[in-house]
Amino acid sequence: MLEQVKYYEDYEIGQGRDTVGRTITETDFVVHAGHSGDFFPHHLDAEFCKTLPFGQRIAHGTMVFTIGVGLTATVINPVAFSYGYDRMRFVKPVFIGDTIKSRVEIIGKELMEKRPGYGRVTERLTVTKQTGETVLVADHIYMVECRP
């Protein structure tokens, strides 16, 4: 990983970057079910899923979110801290064998009145799969130090 100091003033609306892809496997489904405790049949029961409209197992939305965010974790900014996520939506299903990638883009910034010396930067996360379809969208909010 690369460490890069980027202060609040350095962020510009519209800045963005794309990640590499990652293919979703059956092992991902099983490991995520074990970590989360979500053994819902829509994710793990292939025979049950044959009776549903998609006809196959559907990835956990939380797994797609976790992997999608993980793909963006290539730069460490020691003056920025995750403040949380807003407006998360699971737009389309992801299946075993799909390859997802992420794009992040700065969509907003504002100084934090209650925390002098910090600003809030909002980054839109968009996860797509190999078909070009958007499968997940969320807004990641950072608390970022202002330039000293």
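Is Asp 28 buried or exposed? Asp 28 is buried, with a relative accessible area of 13%. That residue opens the set of close-ups below, all taken from a predicted model.

**View 1. Asp 28 and Arg 22 meet in a salt bridge.** Here the two side chains come together with N to O at 2.9 Å. The partners don't share the same surroundings: Asp 28 sits at 13% relative accessible area and is buried, whereas Arg 22 reaches 30% and is partly exposed. Since buried means under 20%, Asp 28 makes the cut and Arg 22 doesn't. Across the structure there are 10 salt bridges, and the pair shown here is one of them.

**View 2. Helix α1 keeps its buried residues on one side.** The helix runs over residues 26-36, and its buried residues are Asp 28, Phe 29, His 32 and Ala 33. They span an arc of only 130° around the axis, so they end up on the same side of α1. The spacing fits a general rule: an α-helix has 3.6 residues a turn, so residues three or four places apart point the same way. What do the buried residues of α1 pack against? Their neighbours are β3, α2 (41-44) and α4 (61-72). Flip to the face turned away from the buried side and you'll find the exposed residues Thr 27 and His 35. Just after the helix comes Gly 37, with a positive phi of about 80°.

**View 3. Strand β6 pairs with β2 and with β3.** Strand β6 covers residues 99-111, and β2 (residues 16-18) pairs with it in the antiparallel sense over three bridges. Within that pairing, look for Asp 18 with its bridge partner Arg 103 in β6. Strand β3, residues 22-23, also pairs with β6 in the antiparallel sense, over two bridges. On this stretch Arg 22 has Ile 100 as its bridge partner in β6. Arg 22 is a familiar face, by the way: its side chain also meets that of Asp 28 in a salt bridge.

**View 4. β6 and β7 form a hairpin.** How many bridges join β6 and strand β7? There are 11, and the two strands run in the antiparallel sense, with β7 spanning residues 118-129. Towards the turn, Leu 111 has Gly 119 in β7 as its bridge partner. Six residues lie between the strands, and in this hairpin Gly 117 takes a positive phi near 90°.

**View 5. Asp 139 and Arg 87 form a salt bridge between two strands.** The closest N and O atoms of this pair are 3.8 Å apart. Asp 139 lies in strand β8 (residues 134-145) and Arg 87 in strand β5 (residues 80-90), so the pair ties together parts that are 52 residues apart in sequence. The two ends contrast nicely in accessibility: Asp 139 is buried at 5%, while Arg 87 is exposed at 59%. Zoom out a touch and Arg 124 joins in, linked with Arg 87 and Asp 139 in a network of salt bridges.

**View 6. Glu 47 and Lys 50 meet in a salt bridge with both partners exposed.** The N to O distance is 2.9 Å. Glu 47 has a relative accessible area of 52%, and Lys 50 comes in at 54%. Exposed means over 50%, so Glu 47 qualifies, and so does Lys 50.

Definitions and conventions. Residues are numbered from 1 along each chain as its sequence is written. This is a predicted model: local features need pLDDT of at least 70, side-chain atom pairs count only at pLDDT 80 or more; totals for chains, interfaces and linings use all residues. Side-chain values use heavy atoms; hydrogens and water are left out. A salt bridge is a side-chain nitrogen of Lys or Arg within 4 Å of a carboxyl oxygen of Asp or Glu. Buried means under 20% relative accessible area, exposed over 50%, partly exposed in between (1.4 Å probe, protein chains only). Helices (H or I, at least four residues) and strands (E, at least two) are DSSP runs, numbered from the N terminus. Two strands pair if DSSP finds at least two bridges between them. The arc is that of the directions from the helix axis to the C-beta atoms. Contact means heavy atoms within 4.5 Å.
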